[in-house]
Amino acid sequence: QVQLEESGGGFVQAGGSVRLSCTVSGRTFSDIGMGWFRQAPGKEREFVARFGREGTWKYYADAVEGRFTMSRDNAKNTMNLQMNSLQPEDTAVYYCAAKIGTLPTRSGDVEYWGQGTQVTVSS
């Protein structure tokens with residue numbers, strides 16, 4: 001069983017930055033595909049970014065490419081999402097996500113979820 005605990009988020013003005021973190025327990029970090037999804041009010045949960053296993057590659061959704069950056073600290077079993085140049089359309093609950101193997105980009109195929117953290121961007 002994999003447990004995911006998120007931190008970070010909050011309220012920021014357009015153009016600002018927020019950093020999210022996700023700590024993993026219950027499974028060897030290198031066995032897990034990790035990433036982030038988000039869900040805005042009234043919308044479906046959507047893919048944001050993911051690592052390949054062991055962090056060998058990264059993949060970002062077009063909407064966040066160039067603005068969001070993932071990093072990981074294998075020694076601390078922690079993954080981070082640095083979000084820059086935030087816009088009101090980035091307002092959502094952000095979820096840490098994981099799957100044994102490769103993390104899918106379809107939310108329905110994700111195995112494990114964090115509790116979610118709210119990011120609100122004002123115009």
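**View 1. Strand β5 sits largely enclosed by the rest of the structure.** Welcome to a predicted model, starting at β5 (46-51). Five of the six residues in β5 are buried, so the strand is largely enclosed by its surroundings.

**View 2. β4 and β5 come together as a hairpin.** Here you can follow β4 (32-39) into the turn: six residues lie between β4 and β5. Take a look at G42 in that turn, which has a positive phi of about 75°. The pairing of β4 with β5 is antiparallel and runs over four bridges. One place to see it is F37, whose bridge partner in β5 is F47.

**View 3. β5 also pairs with β6.** Strand β6 covers residues 58-60, and its antiparallel pairing with β5 involves three bridges. To find your way, look for R50, which has Y59 of β6 as its bridge partner.

**View 4. The largest nonpolar core has 36 residues.** The members touching the most others are L4, M34, W36, L81, M83 and Y94. Several strands each supply at least two residues of this core, among them β3 (18-25), β7 (68-73), β8 (78-83) and β11 (117-122). The largest share, five residues, comes from β9, which spans 92-100. In soluble globular proteins, nonpolar side chains tend to be buried together.

**View 5. A closer look at M83 and its contacts.** Which residues is M83 in contact with, leaving aside its neighbours within four places in sequence? They are G16, S17, V18, L20, R67, F68, Y94 and V119. Y94 may be familiar from the previous view, where both Y94 and M83 are listed among the core residues that touch the most other members.

Key
Residues are numbered from 1 along each chain as its sequence is written. This is a predicted model: local features need pLDDT of at least 70, side-chain atom pairs count only at pLDDT 80 or more; totals for chains, interfaces and linings use all residues. Side-chain values use heavy atoms; hydrogens and water are left out. A nonpolar core is a set of buried Ala, Val, Leu, Ile, Met, Phe, Trp, Tyr and Cys residues joined through side-chain atoms within 4.5 Å. Buried means under 20% relative accessible area, exposed over 50%, partly exposed in between (1.4 Å probe, protein chains only). Contact means heavy atoms within 4.5 Å. Two strands pair if DSSP finds at least two bridges between them.
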